[in-house]
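Grab the coordinates and open your favourite viewer. Below are a few short exercises, each with a worked solution.

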Amino acid sequence: MKRVAIITNFNITEKAYAAITVAERLISHGCEVVAAVYNRERFLKMAQGRAEFLLLPIDEVYATADMIVVLGGDGSILEAARRSASRGTPILGINLGRLGFMAELEMRDVAEIDKLFSEEGYTLEKRSMLTVELIGSKGNLRSCCYALNDASISNGSIARIVDLELSEGGIPVTSYRADGLIVATPTGSTAYSMSAGGSIVDPRVSCFCVTPICPHSLAARPMIFPDSAVLEIKNICQREKMLYLTVDGRTNYEMYKGDVVRISKSPLQTNLVRIKNCGFYNKLRRKMTENE
């Protein structure tokens, strides 16, 4: 491991100095540390002595790194996962957010980074991703992207009931009257899907979680599909001009009447670095208890 990218919001002082602490540890093991060139001005303003970063365009940072260290919350890790998935670059998350469910370390555990270079080493936990395609009412492909957590369809900022039709492999499954619908990976089952009443799924299980948001029906329930399924969700709303497809809580696409979202298992995977090997259920219990 020669080149390690550090991804964080350097405009936040706490995160900037945390990044320097991590960088100095990596440099002591002979690593070259890279960061995005748009942080140059911030580095120049920081008065104290600091580790040297190689500053590159953000695309080059992701294209050349042997490992990516993300200091932030789950949202920052999700962004890094989408950018790095095509190369399968390992991601080590250090939680500087709130829940930090995907992160491996807290800043108090920073000494654990030394294990990356020791006989104890580290393991890579492979996490499945979604391919999310937005198809126009005339069958034209309007967009295609990838998600580590989930894809959701809703009315956007206005909480109003929408109508959606769910099919699997071309066979109708059910229709929903709800505030929206979430399709999540096992990784995403502990995020928005869980908040909407969906099942918590062990990341080792190969499946998709379909969870309605505030359904207007006694019969509407969360459903689990094998990840070999090809799900299609059609906008059948009569009164709404358009809905919104949101991918990993970050990217929005307009979805008009008759448009279809097709979701399948992506050939790409996210590789999360595991050092502590505390296990999914230990982390689940600890994180849920901390945030009660």
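**Exercise 1.** This is a predicted model, so start with confidence: in which elements is it lowest and highest?

*Solution.* Begin with the whole protein: pLDDT averages 91, and 96% of the residues score at least 70. Then go element by element. Helix α2, residues 40-45, sits at the bottom with a mean of 77, while strand β15, residues 231-235, tops the ranking at 98. Keep in mind that low-pLDDT coordinates should not be read in detail.

**Exercise 2.** Work out the order of the strands in the six-stranded open sheet, and say which strands lie at the edges.

*Solution.* Walking across the sheet, you meet β14, β13, β12, β9, β16 and β17 in that order, with antiparallel pairing. Now look for strands that pair on one side only: these are β14 (223-226) and β17 (251-256), the edge strands. As for the twist, neighbouring strands are turned by 20° against each other on average, if you ignore direction.

**Exercise 3.** Take the pairing of β13 with β14: how many bridges join them?

*Solution.* Strand β13 covers residues 207-213 and runs antiparallel to β14, with four bridges between the two. For a landmark, find Phe208, which stands opposite Phe225 in β14.

**Exercise 4.** Now go to the hairpin of β16 and β17: which residue there takes a positive phi?

*Solution.* First, the strands: β16 (residues 242-247) and β17 are antiparallel and joined by six bridges. One pair to check is Thr246 with its bridge partner Asn252 in β17. Next, the turn: three residues lie between the strands, and Asp248 has a positive phi near 55°.

Note on methods:
Residues numbered from 1 in each chain as written. Predicted model: local features only at pLDDT ≥ 70, side-chain atom pairs only at ≥ 80, totals over all residues. Heavy atoms only, no water. pLDDT = per-residue confidence, 0-100. Pairing = 2+ DSSP bridges. Axes fitted to C-alpha atoms, helices over the stretch in contact; angles between N-to-C directions.
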